[in-house]
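I opened this entry to record, step by step, what I looked up. My notes begin with burial and then turn to strand pairing.

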Amino acid sequence: VQRYGGTTRYSTANLIAGITVTASGRPAWDHVAFLATGGNFPDALAAGPLSAAEGRPLYLANPTTGVSDATIAAMLAADVQRVIVLGGPSVVSQASIDKIKAAGITIGASDRWYGTDRYDTARVVAQNSLTAGLTASATGLATGEDFPDALAGGVSQGLSGSVLVLTKSATLSGAASTFLNSNAASIDEVRFFGGLAALSSGVRTAAITAATP
């Protein structure tokens with residue numbers, strides 16, 4: 001048993017990122033990393049499948065003070081060459097992006113993935129993950145109101161090569177419905193993570209309807 005723990009959530013993330021890039025059983029790492037806010041969970045969860053599938057590390061930025069010098073040093077030590085930012089400017093500041101770019105790490109014009117809220121951001125991440133090599137064939141659905149189900153489900157989805165979208169627990173979010181509907185021709189099954197308290201029967205019925213061509 002090995003424990004990877006730092007003094008803060010940010011230093012813990014740096015440690016875990018360091019071992020992610022050397023983990024076996026995945027394709028060769030493409031030197032791309034994710035950056036999400038450490039102040040909340042949904043944006044980081046949305047990238048879980050692609051992170052797991054491609055072995056891409058995920059770093060965290062403080063919502064108040066931005067990305068730290070220690071985190072940038074960890075990126076450079078791991079040979080991160082490109083960063084994809086998860087979430088809009090209200091969660092990961094432009095100052096953090098500028099600081100990373102000043103360290104010589106690329107963040108392209110299209111490398112901020114975000115939507116109007118957590119559910120739409122998850123939709124954008126899932127859609128971009130299709131371009132990056134995942135499929136919609138076994139799309140996963142989890143509540144975006146809490147983190148455990150999506151945290152566990154995201155790794156499972158990544159290892160099976162498919163994506164994860166988030167929804168409200170009582171009603172199917174519009175963003176999740178849009179993703180399911182627009183990719184319905186490619187979806188063979190919808191995987192629900194969590195019980196009826198997490199994803200109501202109404203959400204499940206609506207999701208199946210949206211995913212049916």
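I took buried to mean under 20% relative accessible area, exposed over 50%, and partly exposed in between, with a 1.4 Å probe and protein chains only. Helices (H or I, at least four residues) and strands (E, at least two) are DSSP runs, numbered from the N terminus.

I noted that this is a predicted model, in which local features need pLDDT of at least 70, side-chain atom pairs count only at pLDDT 80 or more, and totals for chains, interfaces and linings use all residues. Residues are numbered from 1 along each chain as its sequence is written, and side-chain values use heavy atoms, with hydrogens and water left out.

I looked first at helix H8 (residues 174-182), where Ala 175, Ala 176, Phe 179 and Leu 180 are the buried residues. Seen down the axis of H8, these fall within an arc of 130 degrees (taken from the directions from the helix axis to the C-beta atoms), so they line one face of the helix. On the other side of H8 I found Gly 174, Asn 181 and Ser 182 exposed. The buried residues of H8 pack against several elements, including helix H6 (118-131) and strand S5 (135-143), where contact means heavy atoms within 4.5 Å.

I then turned to Thr 71, which lies in helix H4 (residues 69-77) and is buried, with a relative accessible area of 0%. Not counting residues up to four places away in sequence, Thr 71 touches Asn 14, Tyr 59 and Leu 60.

Last, I looked up the open sheet, whose 4 strands run in the order S2-S1-S3-S4 with parallel pairing; two strands pair if DSSP finds at least two bridges between them.
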